[in-house]
Amino acid sequence: MSKIDRYKCAVFKDLHEKGFTMTSAAKFGGDYLAYPGDPMLFHAYFTVRVLERGEKMTPLSCSSVTRMAHAARKNVVFAFCGEEEDEKGGDNKNNNNDGVLRIQYFTCVPDIELSSNRGF
């Protein structure tokens, strides 16, 4: 399994444990849609995009993902994942590549005041 696939699985599991139901968000430019319950009963709150910690993202890329999510009436959540270091400063990995992952979430919301979609 690739590193990014491991990260996507870890984010899926973490958000599921926080009470969200996850589905694919491919048509919204993300990895997952996060629903507060059953997708048949609730609207998705977030489009989740999984990235490797330290991965560079251009302002244009961030803006485009945020605008796509906003057009679908969702906010975008960037999930940054990476291997957690142990207390001695080394990587906390064992031989089967099952190190401890750390996930940090960052929500990006467009400025409605600057948007052309203000509801009037």
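Which residues form one aromatic cluster? In this predicted model, the residues that come together in one aromatic cluster are F20, Y45 and F46. Before the other side-chain arrangements are taken up, it helps to set out the chain as a whole and the confidence with which it was modelled.

The protein chain contains two helices and five strands, and, followed along the sequence, these elements come in the pattern α-β-β-β-α-β-β. Of the 120 residues in the chain, 32% count as buried. Among the contacts in the chain with a separation of 6 or more, 53% are made by residues 24 or more positions apart.

Confidence varies along the chain. The average pLDDT is 83, and 78% of the residues score at least 70. When the elements are compared, strand β2, which covers residues 32-35, has the highest mean pLDDT, at 96, while helix α2, which covers residues 59-71, has the lowest, at 86. Over residues 92-96, pLDDT stays under 50, and for this stretch the model has seven contacts beyond four places in sequence. Where pLDDT is low, the predicted coordinates should not be read in detail, and the contacts modelled for residues 92-96 are therefore to be taken with that caution.

Helix α1, which spans residues 3-17, is a useful place to begin with individual residues. C9 lies in this helix, and it counts as partly exposed because its relative accessibility is 43%, which falls between the limits of 20% for buried and 50% for exposed. Leaving aside residues up to four places away in sequence, C9 touches M1 and Y32. C9 is also 9.7 Å from V50, C-alpha to C-alpha, although the two are 41 residues apart in sequence.

D14 belongs to helix α1 as well, and its surroundings can be described from several sides. With a relative accessible area of 18%, D14 is buried, since the limit for that class is under 20%. The side chain of D14 is joined to that of Y105 by a polar contact of 2.5 Å, and, when residues up to four places away in sequence are not counted, D14 touches both I103 and Y105. D14 also forms a salt bridge with K18, in which the closest N and O atoms are 3.7 Å apart. The partners in this bridge fall into opposite classes, because D14 counts as buried at 18% relative accessibility, whereas K18 counts as exposed at 52%.

How many salt bridges does a search of the whole structure find? The search finds five, and the bridge between D14 and K18 is one of them. Another is formed by the side chains of E83 and R6, with an N to O distance of 2.8 Å. This pair links distant parts of the chain, as E83 lies in strand β4 (residues 75-83) and R6 in helix α1, 77 residues apart. Both E83 and R6 are buried. A further bridge joins the side chains of E17 and K13, at 3.4 Å from N to O. Because E17 and K13 are four residues apart in helix α1, about one helical turn separates them. Both ends of this bridge are exposed, E17 with a relative accessible area of 56% and K13 with one of 51%.

The aromatic side chains, with which this account opened, offer further detail. The structure holds five aromatic pairs. In the pair made by F78 and F80, the ring centres are 6.4 Å apart and the planes stand at 35°, so the pair is tilted; the reasoning is that an angle under 30 degrees would count as stacked and one over 60 as edge-to-face. F78 itself is buried, with a relative accessible area of 0%. An aromatic ring also takes part in an arrangement with a charged group, for the charged end of K74 sits over the ring of F28, 5.0 Å from its centre.

One backbone feature remains to be considered, at R73. This residue lies in the loop between α2 and β4, and its phi is near 60°, a positive value in a residue other than glycine. R73 is exposed, with a relative accessible area of 69%.

Note on methods:
Residues are numbered from 1 along each chain as its sequence is written. This is a predicted model: local features need pLDDT of at least 70, side-chain atom pairs count only at pLDDT 80 or more; totals for chains, interfaces and linings use all residues. Side-chain values use heavy atoms; hydrogens and water are left out. Rings of Phe, Tyr and Trp (its six-membered ring) pair if their centres lie within 6.5 Å; planes under 30 degrees apart count as stacked, over 60 as edge-to-face and the rest as tilted. Buried means under 20% relative accessible area, exposed over 50%, partly exposed in between (1.4 Å probe, protein chains only). A charge sits over a ring if NZ of Lys or CZ of Arg is within 6 Å of the ring centre and within 35 degrees of the ring normal. A polar contact is a pair of N or O atoms within 3.5 Å; within protein, one must be able to donate a hydrogen and the other to accept it, and residues adjacent in sequence count only if both atoms are side-chain atoms. Contact means heavy atoms within 4.5 Å. pLDDT is the predictor's confidence in each residue, from 0 to 100. A salt bridge is a side-chain nitrogen of Lys or Arg within 4 Å of a carboxyl oxygen of Asp or Glu.
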